[in-house]
Amino acid sequence: MALKSLLKNSGLALLGRVTRRCVVMLPQEARSESEIFDLRAPYSADDPLRIELRETIPGSITATLLEYKGHFPTGRLWESSPFKYAGPCDFVFSLSDGMVHIAGHSWGKAPVPRSRRFCWLFTLSSEDNLKRSRMTGHYFKVSNRVNDAQYFQGDNYVNHKLQSIGEHARVIELMRQHGANDPVLEIGCATGGLLEELDKKRIQSYGLDISEWAVEKAQEKLGPDRVWLCDAEAKSYPEALLRHGPFGTLVLWAVFEHFRNPFGVLENLTRFVRLGSTLLINTTNANSLCHTIFGPEWEGFFDWTHLGVEQVSVAALARELPRLGWRISEMSTHLTWDGNADPTRATLREWWAADARFRRMLVERDLGDLITCVAVRE
Ligand SMILES: C[S@@+](CC[C@H](N)C(=O)[O-])C[C@H]1O[C@@H](n2cnc3c(N)ncnc32)[C@H](O)[C@@H]1O
């Protein structure tokens, strides 16, 4: 594997030098539209899941149901028998009993996936001898469920602890660049990963979180008088926490979009910091390119606890922060954020990874999916 990727990378680098082009490898689906099975499939799945198969070329079609193993849809759960495809029709999958129908015919019974995300893979061998295939990406909708172990290790994150490690260094580096002081208050501190890293730097820090499960883990790790179970939207916070204020830095990393009233929460929190303190926010951007393109199927809606995701954008932060007494010293967007395995959705992720011009275009126009914002209390 390592040899294959070494050969690929040196081959690409050589080709780039010879042609003076930036050489990029794309997946096979990028080759030709005629190989991409035409369909319309919803990302968030209602029961039953209904997929419009729109290919007009007849042939023999099979469908494979895939569940996620970690980050990838590699578990083959069920494969249909071949079906004589005559043209556009509906494919219907019952999420309650697994019954599968195509063009009104019963196509068998598949197991209902246990992972929150799942995919269907359609393959059509058509009479013009072209193979058309298409992976669709779906997730089960969730509502009114608390942030328990399942949220952090399966339903929303594959493994939050591992997935958030890279973010701690970013926060600490931003604190250094902006001369941020302790004590630090982290809102939505989860299992206390950032607080633990701040300990290593001898930076005094405290946290609160709404998740009982996460706060218990954080308290086990960090000891007493560091992390409190508290809804940041509540009017009052634990006295024992506020005794450590006024705070020199407020960190809201991947939590601002969770609040029903994000700017109301910030207004309340502003009372607990001192003049000159630093605010670090990393959040979602409701005005991103991906939200514009995918609308209600935007990745920002995957997490059912993103209660205020539509209210947060670069424009909203630029308007509200000064009103609440914060001067913005740095704000920019980054990333095209998309977890859908459908190859037509993967394009934006791949452009972001491959093309500096695309990244620059998004950043210059505040069109990335995530916002990082640093502000100072005046
Ligand atoms: C996406 S995680 C981010 C965790 C951590 N800040 C990070 O960057 O890894 C969001 C965290 O905010 C917490 N949270 C969501 N709504 C909250 C609220 N109203 N008050 C306090 N914490 C909240 C969740 O329980 C979760 O731990």
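**View 1. Surroundings of the ligand.** Of the 20 residues around the ligand, those that come nearest are Ser164, Gly188, Ala190, Ser211 and Ala232, where a residue counts as near if its C-beta atom, placed from the backbone, lies within 6 Å of the molecule. The model shown here and in the other views is predicted, with local features requiring pLDDT of at least 70 and side-chain atom pairs counting only at pLDDT 80 or more, while totals for chains, interfaces and linings use all residues. Residues are numbered from 1 along each chain as its sequence is written. At least two residues of the shell around the ligand are supplied by each of H3 and strand S13 (205-209); helices (H or I, at least four residues) and strands (E, at least two) are DSSP runs, numbered from the N terminus. The shell divides into 10 nonpolar, 6 polar and 4 charged residues, with Ala, Val, Leu, Ile, Met, Phe, Trp, Tyr, Cys and Pro taken as nonpolar, Asp, Glu, Lys and Arg as charged, and the others, Gly among them, as polar.

**View 2. Packing of H3 with H4.** Helix H3 (residues 160-177) packs with helix H4 (residues 193-200) at an angle of about 45°, and their axes are 9 Å apart; the axes are lines fitted to C-alpha atoms, for helices over the stretch in contact, and angles run from 0 to 180 degrees between N-to-C directions. That angle makes H3 oblique to H4, since angles under 35 degrees count as roughly parallel, over 145 as roughly antiparallel, 65 to 115 as roughly perpendicular and the rest as oblique. Lys161, Ser164, Ile165, His168, Val171 and Ile172 in H3 meet Gly193, Leu194 and Glu197 in H4, two residues being in contact if their C-beta atoms, placed from the backbone, lie within 7 Å. By class, this contact of H3 with H4 has 4 nonpolar, 3 polar and 2 charged residues.

**View 3. Contact between the two domains.** The protein is divided into domain 1 (26-140) and domain 2 (149-377), with bounds from an automatic or database domain assignment. The contact takes 15 residues from domain 1 and 11 residues from domain 2. On the side of domain 1 that touches domain 2, the largest share, 4 residues, comes from strand S11 (residues 131-140).

**View 4. Backbone details in loops.** The peptide bond from Asp182 to Pro183 is cis, with omega near 0°, and Pro183 lies in the loop between H3 and strand S12 (184-187). Asn144, in the loop between S11 and helix H2 (149-155), has phi near 50°, a positive value in a residue other than glycine.
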